[in-house]
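Here is a short tour of a single model, meant to be read with the structure open beside the text. It goes from the pocket to the core and then to a few individual residues.

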Amino acid sequence: MARNRRLILSPPADVWRLLADGRRYGEWVTGTRQVLAADPHWPDVGARLRVRVGAGPLTLDDTCVVRVCEPQRRLELEARAEPFGAARIAMNLAPWGGNTLFTLDWHPLRGPGTRMHGLPVDYLVAVRNGMMLTKLARIAVREHPVAAPR
């Protein structure tokens with residue numbers, strides 16, 4: 001399992017608004033080329049998000065399904081990228097003063113990722129997810145700046 005944490009200088013409600021808008025995943029999820037479709041009831045349990053992912057000329061279509069949704073606290077997705085299998089992505093938001101401590105866990109469920117699971121793969125996933133959380137934090141702060149303390 002790869003785990004990343006990031007302090008986002010915006011309250012959980014503001015960060016949640018970004019997670020709750022499936023059409024915006026391409027702005028912060030590293031590797032996303034295009035959001036193809038987002039169910040209108042995203043991020044309710046069972047809702048789907050179809051995205052095109054890739055690097056360079058290589059692309060594939062991926063489907064994310066919401067498995068757990070606790071607004072402003074927790075969102076868990078199952079990402080399927082056939083033929084590569086599936087992974088569980090758990091996002092937790094915890095209030096930290098007026099900010100958000102964001103934790104992201106990634107764990108392979110099916111496919112080759114389960115056999116290659118371990119330090120090298122987890123390291124690469126953690127680097128990718130770290131880039132992703134940096135983008136998410138920048139968007140949250142840009143759109144919902146926190147007032148400076150007096």
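Contact, as used here, means heavy atoms within 4.5 Å. By that rule, and leaving aside neighbours within four places in sequence, Arg128 is in contact with Val29 and Thr30. Please keep in mind that this is a predicted model.

**Arg128 and the largest pocket**

Arg128 lies in helix H4. With a relative accessible area of 32%, Arg128 is partly exposed, because that label covers values from 20% to 50%. Its partner Thr30 is 98 residues away along the chain, yet the two C-alpha atoms are separated by 6.7 Å.

Arg128 is also a good way into the largest pocket, which has a volume of about 1100 Å³. The lining of this pocket counts 39 residues, and the closest to its centre are Val53, Ala81, Trp106, Val125 and Arg128. Several elements give two or more residues to the lining: helices H2 (25-28), H3 (112-115) and H4 (119-143), together with strands E3 (48-55), E4 (58-70), E5 (74-80), E6 (86-96) and E7 (99-110). Which element gives the largest share of the lining? That is H4, with six residues. By residue type, the lining divides into 27 nonpolar, eight polar and four charged residues.

**The nonpolar core**

H4 matters for the next topic as well. The largest nonpolar core has 35 residues, and those with the most contacts inside it are Leu19, Tyr25, Trp28, Met91, Phe102 and Leu136. H4 gives the most to this core, with eight residues. In soluble globular proteins, nonpolar side chains tend to be buried together.

Leu19 shows how the core is connected. Apart from its neighbours within four places in sequence, Leu19 is in contact with Tyr25, Trp28, Trp42, Leu75, Met91, Leu93, Phe102 and Leu136. Leu19 is also one of the buried residues of helix H1, the others being Pro12, Asp14, Val15, Trp16 and Leu18. H1 is mostly covered, as six of its eight residues are buried.

**Around the start of H1**

The loop between strand E1 (2-8) and helix H1 (12-19) holds Ser10, and Leu9 sits in the loop between E1 and H1 too. Is Ser10 buried or exposed? Ser10 counts as buried because its relative accessibility is 0%. A polar atom of the Ser10 side chain lies 3.2 Å from the backbone oxygen of Ala140. Leu9, at 45% relative accessibility, counts as partly exposed. Leu9 and Asn99 are 90 residues apart in sequence, but their C-alpha atoms are 4.8 Å apart in space.

**Two strand residues**

Asp105 has its place in strand E7. Asp105 is buried because its relative accessible area, 9%, is under the 20% limit. Its side chain makes a polar contact of 2.5 Å with the side chain of Arg3. Not counting residues up to four places away in sequence, Asp105 touches Met1, Ala2, Arg3, Arg88, Ile89 and Ala90.

Thr63 belongs to strand E4. Leaving aside neighbours within four places in sequence, its contacts are Arg48, Leu49, Arg50, Glu78, Ala79 and Arg80.

**Distances along the chain and in space**

The table sets sequence separation beside C-alpha distance for four pairs.

| Pair | Separation in sequence | C-alpha distance |
|---|---|---|
| Leu9 and Asn99 | 90 residues | 4.8 Å |
| Arg128 and Thr30 | 98 residues | 6.7 Å |
| Pro40 and Tyr25 | 15 residues | 14 Å |
| Thr63 and Thr103 | 40 residues | 22 Å |

**Loops and backbone geometry**

Pro40 lies in the loop between strand E2 (32-38) and E3. Pro40 counts as exposed because its relative accessibility, 83%, is over 50%. Pro43 is found in the loop between E2 and E3 as well, and the peptide bond from Trp42 to Pro43 is cis, with omega near 10°.

The loop between E4 and E5 contains Gln72. Although Gln72 is not a glycine, its phi is positive, at about 70°. At 39% relative accessibility, Gln72 counts as partly exposed. Both backbone features are worth a look, because most residues other than glycine have a negative phi, and most peptide bonds are trans.

Key
Residues numbered from 1 in each chain as written. Predicted model: local features only at pLDDT ≥ 70, side-chain atom pairs only at ≥ 80, totals over all residues. Heavy atoms only, no water. 1 Å grid on protein atoms, 1.4 Å probe; cavity = no way out; pocket = protein on both sides within 12 Å on 5 of 7 lines; lining within 4 Å. Points joined across faces, edges and corners; volume = space filled by probe spheres on them. Helix = DSSP H or I, 4+ residues; strand = E, 2+ residues; numbered from the N terminus. Nonpolar A, V, L, I, M, F, W, Y, C, P; charged D, E, K, R; others polar. Buried < 20%, exposed > 50% of the residue type's maximum accessible area, 1.4 Å probe, protein only. Polar contact = N/O pair within 3.5 Å; in protein donor to acceptor, adjacent residues only side chain to side chain. Core = buried A, V, L, I, M, F, W, Y, C linked by side-chain atoms within 4.5 Å.
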